[in-house]
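Trainee: I'm new to this one and would like a close look at a single part. Could you walk me through how the helices meet, and then follow the threads that lead away from there?

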Amino acid sequence: MEYGIDPKILQEICTVKMPFGKYKDCILADLPVSYLEWFQRQGMPKNRLGMQLSTVYEIKLNGLTDLLRPIRQGLK
């Protein structure tokens with residue numbers, strides 16, 4: 001069985017901005033881990049944004065931010 005992250009989600013977290021809160025207008029991939037941890041404790045939103053935030057959280061928690069480098073370079 002093959003596991004992986006949907007490339008579309010990776011693209012989204014490198015382009016979508018936080019729509020509200022302390023980090024409004026910050027690209028999701030740039031959110032600080034402390035903010036993502038707060039969401040994890042409070043409960044992620046039950047929508048696409050929640051899935052995107054959870055993905056960023058897991059990437060950062062596991063030290064996998066290098067996964068985003070090629071995507072971000074392609075956006076420049």
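Mentor: Let's start with a bit of vocabulary. Helix angles under 35 degrees count as roughly parallel, those over 145 as roughly antiparallel, those from 65 to 115 as roughly perpendicular, and the rest as oblique. Keep in mind, too, that this is a predicted model.

Now look at H2 and H3, which pack at an angle of about 125°, with 10 Å between their axes. H2 and H3 are therefore oblique to each other. Their crossing is left-handed. On the H2 side, the contact is made by Val33, Leu36, Glu37, Phe39 and Gln40. H3 brings Leu53, Val56, Tyr57 and Lys60 to it. Sort the residues of this contact by type and you get 6 nonpolar, 1 polar and 2 charged.

Stay on H3 for a moment, and pick out Gln52, which sits in that helix. Is Gln52 buried or exposed? Its relative accessible area is 6%, so Gln52 is buried. Leaving aside residues up to four places away in sequence, Gln52 touches Glu12, Ile13, Val16 and Leu28.

Thr55 is also placed in helix H3. With 14% relative accessibility, Thr55 counts as buried, because the cut-off for that word is under 20%. With the close sequence neighbours (up to four places away) set aside again, Thr55 touches Ile5, Ile9 and Ile13. So Ile13 turns up in the contacts of Gln52 and of Thr55.

Glu12, one of the residues that Gln52 touches, has another partner to show you. Side chains of opposite charge can pair when their charged atoms come close. Here the side chains of Arg48 and Glu12 meet in a salt bridge, at 2.8 Å from N to O. Arg48 lies in helix H3 (residues 48-61) and Glu12 in helix H1 (residues 7-13), so this pair ties together parts that are 36 residues apart in sequence. What about the surroundings of the two partners? Arg48 counts as partly exposed, at 40% relative accessibility, while Glu12 counts as buried, at 13%.

How many salt bridges does a search of the whole structure find? The search finds 4, and the Arg48 and Glu12 pair is one of them.

Another joins the side chains of Asp30 and Arg72, at 2.7 Å from N to O. This pair links distant parts of the chain: Asp30 is in the loop between H1 and helix H2 (33-42), and Arg72 is in helix H4 (residues 69-75), 42 residues apart. Asp30 is partly exposed, with a relative accessible area of 40%. Arg72 is partly exposed as well, with 28%.

Then there's Lys24, which forms a salt bridge with Asp25, where the closest N and O atoms are 3.8 Å apart. Lys24 counts as partly exposed, at 48% relative accessibility, and Asp25 also counts as partly exposed, at 48%. You'll find Asp25 in the loop between H1 and H2. One last thing to check on Asp25 is its backbone: phi is near 75°, a positive value in a residue other than glycine.

To retrace the route, we began where H2 and H3 cross at about 125°, went on to the buried Gln52 and Thr55, and then followed salt bridges such as Arg48 with Glu12 and Asp30 with Arg72.

Key. Residues are numbered from 1 along each chain as its sequence is written. This is a predicted model: local features need pLDDT of at least 70, side-chain atom pairs count only at pLDDT 80 or more; totals for chains, interfaces and linings use all residues. Side-chain values use heavy atoms; hydrogens and water are left out. Helices (H or I, at least four residues) and strands (E, at least two) are DSSP runs, numbered from the N terminus. Buried means under 20% relative accessible area, exposed over 50%, partly exposed in between (1.4 Å probe, protein chains only). Axes are lines fitted to C-alpha atoms, for helices over the stretch in contact, and angles run from 0 to 180 degrees between N-to-C directions. A crossing is left-handed if the near helix is turned anticlockwise from the far one by less than a right angle, and right-handed if clockwise. Contact means heavy atoms within 4.5 Å. Ala, Val, Leu, Ile, Met, Phe, Trp, Tyr, Cys and Pro count as nonpolar, Asp, Glu, Lys and Arg as charged, and the others, Gly among them, as polar.
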